[in-house]
Structure formats: structure tokens, C-alpha cells
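Trainee: Before I use the labels on a model, I would like to see how each one is earned. Can we go through some of them?

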Amino acid sequence: MMHEPEKSDPSTVAAKPMNKSDGSDAESVERREGAEGNTSKDRMRRTPSRESMSSGLERVRERAKAEKKEKFTALLHHVDVDLLRAAFSWLKRDAAPGVDGMTWRQYEQNLEGNLVDLHARVHRGAYRAQPSRRKFIPKEDGRERPLGIASLEDKIVQRAVVEVFNAIYEEDFLGFSYGFRPGRGQHDALDALAVGITQTPVNWIVDLDVRAFFDTVSHEWLIRFIEHRIADPRMTRLIRKWLKAGVMDDGEWSSSEAGTPQGAVVSPMLANIYLHYAFDLWAERWRHHEAHGNVSYVRYADDIVAGFEHESDAVRFLAELRERLEKFALSLHPNKTRLIEFGRHAAGNRKKRGLGKPETFNFLGFTHICGRSRRGLFLLHRKTRRDRMRVKLRALKAELKRRMHEPIPKQGRWLAQVVRGYFAYHAVPTNYARLAAFRFHVTELWRHTLRCRSQKDWTTWDRISRLEAAYLPLPRILHPWPDARFVVKHPRWEPGARIAPAGICAGGAQR
């Protein structure tokens, strides 16, 4: 039964208590840095962040933080022309167009008129979501991943709605959730995982793979999860429109009965909401009430790694998780979900039992390996995945072939950008050898390309070495050690922290 909404200041969003709440729907999250500057400004900066939030959304955030059991009944009015303008500015300028063929530059030519018209259609219910244009991109295993490219106006409205949702859900999401959240990135998740493995008693790793997550998300459950916090029917109607818009593939339209289109602006937010209720809250309660030893989690979208002190905990967790996910139309991939012995004592324990080296696992583009430092102490090694490097080099080879007859300085400047971009992500401690290998293979591909330009072109190693030195940056470690950065980003202030010596909690979640 629906309760009457509580009366509040008209300038703030109306809210009402959630039904059947047991007090565990909203879990505590880690402390955030406060907003800087004048938060009463209504205009938003070009970069989405906590500091760019309008005064109206800031009030929504404060209410969401203070009232963990309330539903927001009036949110669509925050999707105003200013927010749509900001959302437009956050989109990629050169992104591929959707089924409407509209590009960012074309829409910009009459931006104010287009945004005013879009705003009016959204608020009077005349806005119609268009089907996504299907595009396939290659995966590391040779298969293709389907992406859905939304039309430009769908992207604008979705980006604006995501900003409104962020004001609420950033106060609800747990600390071990890192995917597609403001102020969090892949390296934050990698740091949290490394700290959990090296500074807490982790002896077993459960590497989870949710089978075809974005294709199997239940629309019914997703809307029910959203309605835990959002009771504005106009907002949920927008979500339903995007979910039911379907896909256009070679002129043929197909409906969408389940899943969210990969590539849509709103999909990462919807995925986080779904897994927050389907996995995060349950896993956090399981850690506190079912586990007998230490447990740590790191989740980046649907990529999840869980660390356990005791094998028995890991086995029970995995069995109960399978049952939990089945309730929400999800399942674990039988071949990609693994329980492995991993941690500071794994190598020694396996050697005593006459077994080989500990198995490795992959997370966010890196292979994680149980290694040793020069002093013989346990050291987590992270190395670029070989298959990911091969895919990158194959794509680079094809692009070099296309640029074969460009002037050498132009090729060199482009390759320098490619190598710098690759190093920016992969240059973590213990990965120097893979960085050097990538640079070597890039140089070899460049030499091969130059030699193919003409039958008379015999580019020697002497010459290519000079070009390499002139254009390609040298490999060097750009990222700090995980524990150093993690302590700075996630200080632990309450007593009883279980990780020494920094006094922090793996995953960044409060206890």
C-alpha cells in the first residue's frame, strides 16, 4: 500500500518512506570529500562531478544521505534545460551517430532551440526513445560483442537522468562498488583489490563471471529495484522507454524483452542499481553474519572478485550466491567462475601438498600473480594480459597499414600518442617488462610497415632505432604502489580498522 508523501519545503524534492524496509536497504559508504566552491550555483560545469552539481541536486543528495528509507516522488523537474545543456557538453564530439544519423556537431548548430524543444517533449510526455543501432566490436577471444548506439537526443536525456540518479545512489552504493561512478575509476578498483589481498588475511579468491549480464537483466526486477528509491512515475517511464526501444540491425527492428543495451549512456547506472540490490547488499550482510573469517569484495560493473580467509567460507559463499542470482534472472558462467588458492601463503601451502604454483586470475586487463619481492617476501604481481596486448597490437597493425604512406613524422607522432595512452593505463608497478615488450612490438610493426611502402625501402634496425628513440616514449612506471594511493583516497577514521599499518578497510567500505 502506498503511503501519503511527507510534506516538505517546496524547493526540495518530495519523498516518502520505502515500503517493507528492514533497515538494510541502504548500506553505509565510505566518506567523501566535501563539495568545493559555491554549491548554490545553478549552472553546471562541463565535467560531471560532485562539485558540478546544481543547488537542486545538492539538496536531493543531502536528503538521500539523511533519509535512507525514503522514496523521491518529484525528480523530473531537475531535468531542466541547463542540465540538458551540460549533458550535451559531456558527450563525445566524434561519437558514431545512432539511427537518426544526427551528430554532435549538427545538433550544436541550433543547440538552444533543440534543447528547449527536447525539454518540452520530455516534460509533456511526447519524448519517444529511438531504437539503438547495432554495432559489433571484436572481443579478445575472437568473438564479437554487440553494442547499441543510441540516438543523440537519447544520449542527452540519459546523461541528464544519470546525473539526477547519481545524487541519490552515490549515497546508497557501497564502498566496494567502483564501476562507472563519479570520482572512481578502474585503478581505484585495482588498488582496492591489491590492498585487500596483501594487507588482509586472504587465502582464497573467487573470480566471478556473471553470464551475459547486460543481455539478461530482468526489466521487471530492474524497475522494482529503482522504485525502492524513486517513486516519480515520469522518471520510471523514461527508463521503461529506453529498455523497450529495441535494436535496429541492418534495417530490421527487434524488441528487447530483457537486458540493457551495451553502449547506452544509462546502462552502467542501471547495471549498478541492479547489482546493488541483487549482489552488493546481500554480499555485505553475508560478510558480517555468515562468514567465519575475513572477506573482501571488489566489484567493477559486473566484474567481481571476492577474497576469503577460509576455503569453507568461499565454498559456501559461491553456492549461496548461485541461488541468490537465480532469483533475479542471473547466473554465473560455469567455466569462467573459479575458486582458486591465492594469497601470501598460497605458494607455501601448495608446495607442502606437492602442488604447483598458485593459479592466476584476471581483473580489469591485468593478470594477478602470487610473486616474491627481492627480499623473498610476498608481492602481488600485476601484468598486462597477453591476450589484451595481442588484440591491441593487431588493431595497431591494421591502422598502420591504413597509414602506410603518411609521412614518417606524422606516423611517429601518432604512434607516440598510442604508446603514451597505453602506458597511462598499464604502467603499474611490477609491469615494466610488459611495457617494454609492447614498445618493442610497436617498433617492429612500424619497421615492417615502412619496409612494405616500397620494394626499395630496406629500413634497417639502425634507422628504426633512431626513429624509435625520437618518437616513442620510454617505458616507465607511472602509477604509485596500490597501498600508497589507496590510503590517500580512502582514509579510515573510525577505530578498529583491520588492515595494518594504514588502518583502512579493503574495498573502501565502512564497517
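Mentor: What follows takes labels one at a time and sets each value against its cut-off. The model is predicted.

Trainee: Why is the pair Arg-61 and Glu-171 called a salt bridge?

Mentor: The cut-off is 4 Å between a side-chain nitrogen of Lys or Arg and a carboxyl oxygen of Asp or Glu. For Arg-61 and Glu-171 the N to O distance is 3.4 Å, so the pair meets the definition. The structure holds 27 salt bridges.

Trainee: What makes this pair a link between parts that are apart in sequence?

Mentor: Arg-61 lies in helix H1 (residues 55-66), while Glu-171 is in the loop between helix H5 (152-169) and helix H6 (186-199), so the bridge ties together parts that are 110 residues apart in sequence.

Trainee: How do you know whether Arg-61 is buried or exposed?

Mentor: Buried means under 20% relative accessible area. Arg-61 has 12%, so Arg-61 is buried. Glu-171 has 6% and is therefore buried too.

Trainee: Why is the pair Glu-108 and Arg-105 called a salt bridge?

Mentor: The N to O distance between the side chains of Glu-108 and Arg-105 is 3.8 Å, and the limit is 4 Å, so the label applies. Glu-108 and Arg-105 are three residues apart in helix H3 (residues 104-108), so about one helical turn separates them.

Trainee: What makes Glu-108 and Arg-105 partly exposed?

Mentor: Partly exposed is the range between the 20% and 50% cut-offs. Glu-108 has a relative accessibility of 36% and Arg-105 has 47%, so both carry that label.

Trainee: How do you know that Arg-402 and Glu-399 form a salt bridge?

Mentor: The N to O distance for Arg-402 and Glu-399 is 2.6 Å, and a salt bridge needs a value within 4 Å, so the pair counts. Both residues are in helix H13 (residues 386-402), three residues apart, with about one helical turn between them. Arg-402, at 60% relative accessibility, is exposed, because the cut-off for that label is over 50%. Glu-399, at 22%, is partly exposed. The two belong to a network of salt bridges that links Glu-399, Arg-402, Arg-403 and Glu-406.

Trainee: What makes a set of residues a nonpolar core?

Mentor: The members must be buried residues of nonpolar types such as Ile, Tyr and Phe, joined through side-chain atoms within 4.5 Å. The largest such set here has 79 residues, and those with the most contacts inside it are Ile-156, Tyr-169, Phe-279 and Phe-317. Helix H10 (residues 267-289) gives the most to this core, with 13 residues. Apart from it lies another core, of 27 residues, including Val-195, Val-202, Val-298 and Leu-380.

Trainee: Which residues is Tyr-169 in contact with, leaving aside its neighbours within four places in sequence?

Mentor: Tyr-169 is in contact with Phe-225, Ile-226, Arg-229, Ile-230, Met-269, Ile-273 and Tyr-277.

Trainee: Why is H14 called roughly antiparallel to H15?

Mentor: The axes of H14 and helix H15 (residues 432-452) cross at roughly 160° and come within 11 Å. Angles over 145 degrees count as roughly antiparallel, so that label fits H14 and H15. The crossing is right-handed. Among the residues that make the contact are Leu-415, Val-419 and Phe-423 of H14, and Phe-438, Val-442 and Trp-446 of H15.

Trainee: What makes the phi of Ala-212 worth a remark?

Mentor: Most residues other than glycine have a negative phi. Ala-212 is not a glycine, yet has a positive phi of about 45°. Ala-212 sits in the loop between strand S5 (204-209) and helix H7 (213-216), and at 36% relative accessibility counts as partly exposed.

Trainee: Where is Leu-364 found, and is Leu-364 buried or exposed?

Mentor: Leu-364 is in the loop between strand S11 (361-363) and strand S12 (366-372). Its relative accessible area is 11%, so Leu-364 is buried. Leu-364 also has a positive phi, of about 55°, although it is not a glycine.

Methods
Residues numbered from 1 in each chain as written. Predicted model: local features only at pLDDT ≥ 70, side-chain atom pairs only at ≥ 80, totals over all residues. Heavy atoms only, no water. Helix = DSSP H or I, 4+ residues; strand = E, 2+ residues; numbered from the N terminus. Buried < 20%, exposed > 50% of the residue type's maximum accessible area, 1.4 Å probe, protein only. Contact = heavy atoms within 4.5 Å. Axes fitted to C-alpha atoms, helices over the stretch in contact; angles between N-to-C directions. Parallel < 35°, antiparallel > 145°, perpendicular 65-115°, else oblique. Left-handed = near helix turned anticlockwise from the far one by under 90°.
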